[in-house]
Amino acid sequence: MCGIVGYVGDRTALPFLIDGLKKLEYRGYDSAGVAMVDGNSALVEKCEGRIQALEERLLHNHIEGKVGIGHTRWATHGKPSDTNAHPHTDCAGEIAVVHNGIIENYARIREFLQKRGHVFRSETDTEVMPHLIEHYYEGNLEKAVQRAAKDLHGSYAMAVVSTKEPDKIVAVRNLSPLIVGLGQGENYLASDIPALLNHTRETIVLEDGEMAVITRDSVRVLSLSGEEREKNTFFVPWDPVQAERGGYPHFMLKEIHEQPGALSETLRGRLSPDGRVVLTEMTMTEAEALAINRVFLVACGTAFHAGMVGKYFIERIVGIPAEVDLASEFRYRNPVITPGSLLVVVSQSGETADTLAALREGKARGCRVIAITNVVGSSVAREADDVIYTWAGPEIAVASTKAYTTQVEALSLLALYIAQMRGHMDIYQLNEYVMHLRMLPRKAQETLERCAPVQELARELAAHDDVFFIGRGVDYASALEGQLKLKEISYIHAEAYAAGELKHGTLALITENVPVIALATQKEVLEKMISNITEVRARGARVIIITADGLEGLDEYSSSIIRVPDTHPLLMPVLTAIPQQLLAYYAAVYRGCDVDKPRNLAKSVTVE
Ligand code: M6R
């Protein structure tokens, strides 16, 4: 949540800061601001609203400087307002700070500083930072920041500039990502890779508890106790073009259409000609694979829905019991973790605070951890024992689309790989799965081509206030993903139910013309599903069925029917996600919503 950028170089910092903030706007977008150091004062411009509002302000109040920091905010402490927007400054207006995360002990620090005469202007937790640095400053910014950081509890990434040392940015990472970009005669700072892509792909990724001192010609990384750290340079594998809209009206629509390519990239090199799964990146030994006796799949939001499908893969393909947990619940529910427990965390960004905390909890309790993530070098990738990357490319829209379908695909690869190592599957079964996987990108493309009628259905949905989704088995996971997508971007109230569960209460809400989206791709429960569809139709529901080729007898039960190509039943969530994503997308467009930046949300949730 929130985005940080920074620039130190020979040019004026503003163009980089604004460009970088626009690239990070998906991380938070209720207010924005910049600070630049010029001579004796830190020049700050900030306001409530989007980056565009900030740009308009800057037209009337142009500020310049060759060292600067910027921020786009997702409010935690204090409502979105000009005053609460970052950067925040100290009493003298000489030190400016931008911050991501939460300072848990800010109230105590604020009181301490107020007693010593510091005057606060905002309601934010962040404002304690510049005042605390001011309090500790004795001629060395680096040391003052180190000293202040030791007093701060919580998760944060901060960037600091000061007129007293106008040639540098000092940045600290603690549980919230920060990356230094390396340039020629200039260096950059960002909380997220897309801000850097137009300028450099050579980076240094800071670890928790590390501080960077960035000048025009140098980057020093230190621990918070002041020891110098040797850091490797990390080359970002993403192409800058991937982070542009490329002619689409929204990133979400572009990313929906990128799915065939993303699915194919995620499979690249991972299926052998003789029909086996090859995951060269895995360090897990055969003995370790054989020792697994239980799998926990842990994630948030859309990634959690992928995890639900993963549970089916693990149980059906590997034959091991699997549990799926919301990351925010996992660490506090005291799960029974015994030797042989495997933890699989799923996260597009690899930075979600709850998922990261669950990973650490699992590791502390002795679990082997496998991460499925889309961001190379992200926190979960670095902390897990093994990583399976989804090669979906940057996902910018807040609503997750290609990340989800590639996560499901990656989870199927993981299950097949473990089953293969344990000798759990015969080669014919394995080859059959692999064949279905090979055809998946093409079938995703075909699904997209069949989705033209979805736009009209979305127009109808857009007029409703409540929509229900039902499904059984993996279709229930798909229904949950479909309803999340719809409510997240169109603000239509949507709920998903296991189809057999409706009659235990929710059927009371099904009245004349209420739209019910019924996912019916699982042959083994098709008759049961038809009964559930009949139940809602009997109450007047308008039923849209999403099913697959080859499943007959459904037309008479639906007002509209969308068919995806046939695939393995467990891989259906990949294909059925696509019409649901488009339904949500077009419904949001018809309702005039800001599709890529839905209200109150942010792409990467780095606070608990
Ligand atoms: O980056 P992550 O996959 O860990 O993010 C998890 C959720 O915050 C994310 O999937 C969220 O639910 C999406 N906005 C849904 O579209």
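Mentor: In this predicted model, Asp, Glu, Lys and Arg count as charged, Ala, Val, Leu, Ile, Met, Phe, Trp, Tyr, Cys and Pro as nonpolar, and the others, Gly among them, as polar. By those classes, the shell around the ligand has seven polar, six nonpolar and two charged residues.

Trainee: How many residues surround the ligand, and which are the closest?

Mentor: The ligand is surrounded by 15 residues, and S347, Q348, S349, T352 and E488 are the closest. A residue is counted if one of its heavy atoms lies within 4 Å of the ligand.

Trainee: What makes the approach of E488 to a nitrogen atom of the ligand a polar contact?

Mentor: A polar side-chain atom of E488 is 2.6 Å from that nitrogen. The limit for a pair of N or O atoms is 3.5 Å, so the pair qualifies.

Trainee: Which residues place a polar backbone atom close to an oxygen atom of the ligand?

Mentor: For Q348 the distance from such a backbone atom to a ligand oxygen is 2.6 Å, and for T302 it is 3.1 Å. Both values fall within 3.5 Å and are therefore polar contacts. On its own the ligand has 410 Å² of accessible area, of which the protein covers 91%.

Trainee: Where does the ligand sit, and which elements give two or more residues to its shell?

Mentor: Its site is the largest pocket. Helix 9 (301-318) and helix 16 (474-490) are the elements that contribute two or more residues to the shell. Domain 2 (243-450) and domain 3 (454-590) each supply at least three shell residues.

Trainee: How is the chain divided?

Mentor: Domain 1 (3-236) joins domain 2 (243-450) and domain 3 (454-590) in the division. Between the C-alpha centres of domain 1 and domain 3 there are 45 Å.

Trainee: Why is the peptide bond from H86 to P87 called cis?

Mentor: Its omega is near 0 degrees. P87 lies in the loop between strand 4 (67-73) and strand 5 (88-89).

Trainee: What makes the phi of L175 notable?

Mentor: Most residues other than glycine have a negative phi. L175 is not a glycine, yet its phi is positive, about 70 degrees. L175 belongs to the loop between strand 8 (169-174) and strand 9 (179-182).

Key
Residues are numbered from 1 along each chain as its sequence is written. This is a predicted model: local features need pLDDT of at least 70, side-chain atom pairs count only at pLDDT 80 or more; totals for chains, interfaces and linings use all residues. Side-chain values use heavy atoms; hydrogens and water are left out. A polar contact is a pair of N or O atoms within 3.5 Å; within protein, one must be able to donate a hydrogen and the other to accept it, and residues adjacent in sequence count only if both atoms are side-chain atoms. Accessible areas come from the Shrake-Rupley method with a 1.4 Å probe; for residues, only the protein chains shown count as cover. On a 1 Å grid over the protein atoms alone, a cavity is a set of points where a 1.4 Å probe fits but cannot get out, and a pocket is an open set with protein on both sides within 12 Å along at least five of seven lines; lining residues have an atom within 4 Å of a point. A molecule sits in a cavity or pocket if more than half of its atoms lie within 2 Å of its grid points. Helices (H or I, at least four residues) and strands (E, at least two) are DSSP runs, numbered from the N terminus. Domain bounds come from an automatic or database domain assignment.
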